[in-house]
Amino acid sequence: MAAINLNKHIWEGWTVGSFITELEPSFNQIMQGNSWQKPFTSKDEVKAWCMDNQPYYKKHIPEVVNYFTTKLKK
């Protein structure tokens, strides 16, 4: 897989890296079973969750989804 450009600008000063930083604590909590939400099992689940939980920007950001999808397999 190609490296993710964390500095890619997405919207009004928000970068791929800033969206990942914002979402990662919640993602980790879900995947560790410490949330009301069940751990993700597919890329589609991750994609829907990312779009719902990204601050301010509710469109699909492929780099963000790919980052979290690769963590499913670990």
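In this predicted model, the side chain of threonine 69 reaches the backbone oxygen of valine 65 at a distance of 2.7 Å. Threonine 69 belongs to helix H3, and its relative accessibility of 9% places this residue in the buried class, because that class covers values under 20%. When residues up to four places away in sequence are not counted, threonine 69 touches Lys43 and Val46.

Helix H3, which spans residues 62-72, also packs with helix H1, residues 16-31, at an angle of about 30° and with the two axes 10 Å apart. Since angles under 35 degrees count as roughly parallel, H1 is therefore described as roughly parallel to H3. The crossing in which H1 passes H3 is right-handed. On the H1 side, the contact is formed by Val16, Phe19, Ile20, Leu23, Glu24, Phe27, Asn28 and Met31, which meet Glu63, Val64, Tyr67, Phe68, Lys71 and Leu72 on the H3 side. Divided by class, the residues of this contact of H1 with H3 comprise 10 nonpolar, 1 polar and 3 charged.

A further packing arrangement joins H1 to H2, with an angle of about 135° between these helices and their axes 11 Å apart. This angle makes H1 oblique to H2, because the roughly antiparallel class is reserved for angles over 145 degrees and the roughly perpendicular class for 65 to 115. H1 passes H2, too, in a right-handed crossing. Here Leu23, Ser26, Phe27 and Ile30 of H1 meet Trp49, Cys50 and Asn53 of H2, and the contact of H1 with H2 consists by class of 5 nonpolar and 2 polar residues, with no charged residues. Leu23 and Phe27 are listed among the H1 residues that meet H3, and both are likewise listed among those that meet H2.

Turning to the loops, glutamate 12 has a positive phi of about 40°, although this residue is not a glycine. Glutamate 12 is located in the loop that lies between strand S1 (9-11) and strand S2 (14-15), and its relative accessible area of 62% makes it exposed, because the exposed class begins over 50%. A positive phi, of about 70°, is likewise found at tyrosine 56, which is not a glycine either. Tyrosine 56 is situated in the loop between helix H2 (43-53) and H3, and with a relative accessibility of 61% this residue counts as exposed.

Notes: Residues are numbered from 1 along each chain as its sequence is written. This is a predicted model: local features need pLDDT of at least 70, side-chain atom pairs count only at pLDDT 80 or more; totals for chains, interfaces and linings use all residues. Side-chain values use heavy atoms; hydrogens and water are left out. Axes are lines fitted to C-alpha atoms, for helices over the stretch in contact, and angles run from 0 to 180 degrees between N-to-C directions. Helices (H or I, at least four residues) and strands (E, at least two) are DSSP runs, numbered from the N terminus. A crossing is left-handed if the near helix is turned anticlockwise from the far one by less than a right angle, and right-handed if clockwise. Contact means heavy atoms within 4.5 Å. Ala, Val, Leu, Ile, Met, Phe, Trp, Tyr, Cys and Pro count as nonpolar, Asp, Glu, Lys and Arg as charged, and the others, Gly among them, as polar. Buried means under 20% relative accessible area, exposed over 50%, partly exposed in between (1.4 Å probe, protein chains only). A polar contact is a pair of N or O atoms within 3.5 Å; within protein, one must be able to donate a hydrogen and the other to accept it, and residues adjacent in sequence count only if both atoms are side-chain atoms.
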